[in-house]
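Hi,

Here is the structure I promised to pass on. Have a look at it first, and my notes follow underneath.

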Amino acid sequence: MSSRQSLDFPGAYVVNELDLDHWPQGTCSKLMVDLINDGLGRSLRLPVMVGRGNHPGPVLGLTAVLHGNELNGISVIHRLFETLDLQALRGTIVGVIVVNVPAYLNNERTFDDRTDMNHVMPGKANGNIAEIYAHRFLERIVRRFEYLIDLHTASFGNVNSLYVRADMTHEVTANMAYLQRPQIILHNSPSDRTLRGAAMEMGIPSITVEIGDPQVFQSRHIKASLSGVRRVMSDIGMLPRRPLGKGPLPVLCEQSIWLYADHGGLLKVLPKPTDLVQANDVIAQQRDIFGQVICEYRAPYDGIVIGKSVNPVAQTGSRILNLGAIATPNDHPFYRWIEDTASKAPSLEHLAVQ
Ligand SMILES: [Zn+2]
C-alpha cells in the first residue's frame, strides 16, 4: 500500500487501498482512497475515516452516498466518529463518507454516465467506468469489512420513513436490522447488483438503512440511525455492553410493492410515510392539467406506507407509494422477529415522523 499526505485535506493521507493494519490501534485516520482517473488524468478519491480501537475486534463498515443526493448518512458517520472512544472501542470502524463522488458533486442520484450504482455491483475489473468504479470500491475498501451498514435515503421526488431493508431469514442481518430500531423493517432478499447483495456474496452480513429524504440533513432521523449503529456495535462486541435505550419497536413487513400511476397528470398522494392504509382506501388522486380529477388510486391490500412520491408531476409509470405488507406471525422463517414486535408493540403512535 502506498501512503502520502494529502495536499487538499490537512491531516489526511492519500492511499491506493484500505490496509487497516497500517494504521495504529487507538488512532483515527482520515484517508483519501484512489479509485479512478478523470479525463485530465486527475485522481478521483473517496473520503474514508478509519477508527481503530485499542483492542482487537470486528471491522464494521458504514457507507454513505452510494446515490449522490442521499446525504443523511454523512452526518451519521461524522457524529459517530466525533463521539468515538478509541480507548474503549474493540475492533475497527470504517466510514466511507461519500461512495459515489461524481454523483455527489453533481447533486444527483446516478453516476456520471447515468448508471445507478446500486444496480451495477459487483462491477467488473475490465468494464465501463461505472463497473470499474464499483469493482475497485468493493476490492479496495469493502472487502476489509466484516459487517456492513449501507446508508441511503429516498430518491428525488420521494420521501421515506426511517426503514431498513434486510434479509430477515438470515440470523445475523435480521438481528442487525432489529437492533437498528427503524420505524419499519422490510424483509428483502439481497438482490443481485446492489451493494448489500455484493457484500453478502463476499460473506459480509449487510443491511440497508433508508434514512428519510434526499438532499437534506434530518437531525431526528440521523440521531435515530446513529443510536441504531451503536446498538449493532455493542451487540457485535465493539462497544461495552452498556444498556442502550432500546427505542420503539419497528413494524415488520414481509414484502412491499411500489404502486405506479397508469395515467399522466398531477398527482396527490394522500397518506404519509408510516400511515396505515386498508385495502381499497383511496391513496392518491390524479388531475389533468386543467385541474379535473381523472382518476383515483386505491390500496390493493392492507399495509403501511414505507415511502411515497411528493412530486406532483406524474407520467404513466411514475411512482405513487411503496406499500408494505405487515408480516403476521404465521409460517414465516423470521417468525421469531415478528413475534417479538407484534407482542410488544402496543400501537403505531410512535411512528409519527417529522
Ligand atoms: Zn439510495
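Along the chain, the donors of the zinc ion follow the spacing H-x2-E-x81-H. This is a predicted model, by the way, so please read everything below in that light. The residues behind that pattern are His-67 and His-152, each through ND1, and Glu-70, which is listed twice through OE, with distances of 2.0 to 2.6 Å. What is the arrangement of the four donor atoms around the zinc ion? It is irregular, because the angles they subtend run from 55 to 148°. His-67 and Glu-70 are both buried.

Val-99 may catch your eye here too. It sits in the loop between β6 and α2, and it counts as buried because its relative accessibility is 1%, where the cut-off is under 20%. In sequence Val-99 is 32 residues from His-67, yet their C-alpha atoms are 8.0 Å apart in space.

Now the helices. Helix α1 covers residues 72-82, and eight of its 11 residues are buried, so the rest of the structure largely encloses it. Among those buried residues are Ile-74, Val-76, Ile-77, Leu-80 and Phe-81.

Helix α6 takes in residues 219-235, and its length checks out: at 1.5 Å a residue its 17 residues should span 24 Å, and the end C-alpha atoms are indeed 24 Å apart. Its buried residues include Ile-222, Leu-226, Val-229 and Met-233, along with His-221 and Arg-231. Just past the end of α6, Gly-237 has a positive phi of about 90°.

How do α4 and α6 meet? The axis of α4 (residues 171-180) comes within 7 Å of that of α6, and the two cross at roughly 135°. That angle makes α4 oblique to α6, and the crossing is right-handed.

Some backbone details to check while you have the model open:

- Met-121 and Pro-122 are joined by a cis peptide bond, with omega about 5°; Pro-122 is in the loop between α2 and α3.
- Asn-107 lies in the loop between α2 and α3. Its phi is positive, near 55°, although Asn-107 is not a glycine. With a relative accessible area of 48%, Asn-107 is partly exposed.
- Asn-280, in the loop between β14 and β15, is another non-glycine residue with a positive phi, here about 80°.

Cheers

Methods: Residues numbered from 1 in each chain as written. Predicted model: local features only at pLDDT ≥ 70, side-chain atom pairs only at ≥ 80, totals over all residues. Heavy atoms only, no water. Helix = DSSP H or I, 4+ residues; strand = E, 2+ residues; numbered from the N terminus. Expected span 1.5 Å × (residues − 1). Buried < 20%, exposed > 50% of the residue type's maximum accessible area, 1.4 Å probe, protein only. Donors = N, O, S within 2.8 Å, 3.2 Å for Na, K, Ca; no water. Tetrahedral: all angles 85-135°; square planar, octahedral: opposite > 155°, others 65-115°. Axes fitted to C-alpha atoms, helices over the stretch in contact; angles between N-to-C directions. Parallel < 35°, antiparallel > 145°, perpendicular 65-115°, else oblique. Left-handed = near helix turned anticlockwise from the far one by under 90°.
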